[in-house]
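Me: I'd like a close look at one part of this model, and then whatever else helps me place it. Keep it informal, please.

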Amino acid sequence: MSIEINNESGFEVDESALQRLVLHAFDALRVHRDAELAIQLVDEGAMERLHIEWMDEPGPTDVLSFPMDELRPGSDEEPTPPGLLGDIVLCPQVAVGQAEAAGHSTLDELLLLTTHGLLHLLGFDHAEPEEEREMFGLQRDILASFALDERKRQ
């Protein structure tokens with residue numbers, strides 16, 4: 001397993017929870033545990049620069065995904081092969097405001113954003129209504145089953 005987390009945001013984050021979530025999502029999506037993933041947490045200035053450079057949109061955003069080997073979810077019979085999944089970039093400062101608006105913790109928001117970014121790396125999108133239903137439904141399922149696993153751990 002190669003999940004690298006690099007926190008350059010200046011914001012304290014429970015990196016072990018992010019790692020547990022990714023492993024849980026890998027299992028749920030039948031992604032090989034040797035797939036490589038990098039999660040980078042950056043401040044608003046760095047996120048804004050990335051958002052402008054890659055999306056041509058001003059202002060910081062909450063999450064960006066940069067796929068590499070175009071891996072896709074596997075199945076019980078054929079899991080995703082090991083490979084370079086890609087990078088997820090999170091902005092905890094943006095997540096704080098979104099968490100407050102949603103009425104949950106910043107960690108819960110970062111877990112949601114990590115799941116969202118991971119699904120994008122695996123080829124999911126939400127541009128069309130049907131794609132959005134599929135992606136957001138899968139996102140909800142992964143987060144709900146992860147929350148159950150976390151409660152069992154305690």
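Where is the place of E70?

Reply: E70 sits in the loop between β3 and β4. Before going further, keep in mind that this is a predicted model, where local features need pLDDT of at least 70, side-chain atom pairs count only at pLDDT 80 or more, and totals for chains, interfaces and linings use all residues. Residues are numbered from 1 along each chain as its sequence is written, and side-chain values use heavy atoms, with hydrogens and water left out. The helices (H or I, at least four residues) and strands (E, at least two) are DSSP runs, numbered from the N terminus.

Back to E70. Its phi is near 55 degrees, which is a positive value in a residue other than glycine. E70 counts as exposed, at 58% relative accessibility. Here buried means under 20% relative accessible area, exposed means over 50%, and partly exposed is in between (1.4 Å probe, protein chains only).

D56 is another residue to look at for its backbone. D56 is not a glycine either, yet has a positive phi of about 55 degrees. You'll find D56 in the loop between α2 (44-55) and β3 (63-67), and D56 is exposed too, with a relative accessible area of 67%.

The loop that holds E70 also gives a partner to a salt bridge, meaning a side-chain nitrogen of Lys or Arg within 4 Å of a carboxyl oxygen of Asp or Glu. D76 and R30 meet through their side chains at 2.4 Å, N to O. That pair links distant parts of the chain, with D76 in the loop between β3 and β4 and R30 in the loop between α1 and β2, 46 residues apart. D76 is exposed at 59% relative accessibility, while R30 is partly exposed at 33%.

There are four salt bridges in the structure. Another one joins the side chains of R20 and E150 (2.8 Å, N to O). R20 is in helix α1 and E150 in helix α5, so this pair ties together parts 130 residues apart in sequence. R20 counts as partly exposed at 24%, but E150 counts as buried at 14%. E150 also has a salt bridge to R153, at 3.6 Å, N to O. These two are three residues apart in helix α5, so about one helical turn separates them. The shared partners join R20, E150 and R153 into one network of salt bridges.

Now for the inside. The largest nonpolar core (buried Ala, Val, Leu, Ile, Met, Phe, Trp, Tyr and Cys residues joined through side-chain atoms within 4.5 Å) has 33 residues, and L37 and L90 touch the most other members. At least two residues of this core come from each of β1 (2-7), α1 (15-29), β2 (36-41), β4 (84-90), α4 and α5. Helix α1 gives the most, with seven residues.

F26 also belongs to helix α1, and F26 is buried, with a relative accessible area of 0%. Its C-alpha atom is separated by 9.8 Å from that of P79, although the two are 53 residues apart along the chain.

One last spot: E128 lies in the loop between α4 (106-121) and α5 (129-153), and is partly exposed at 47% relative accessible area.
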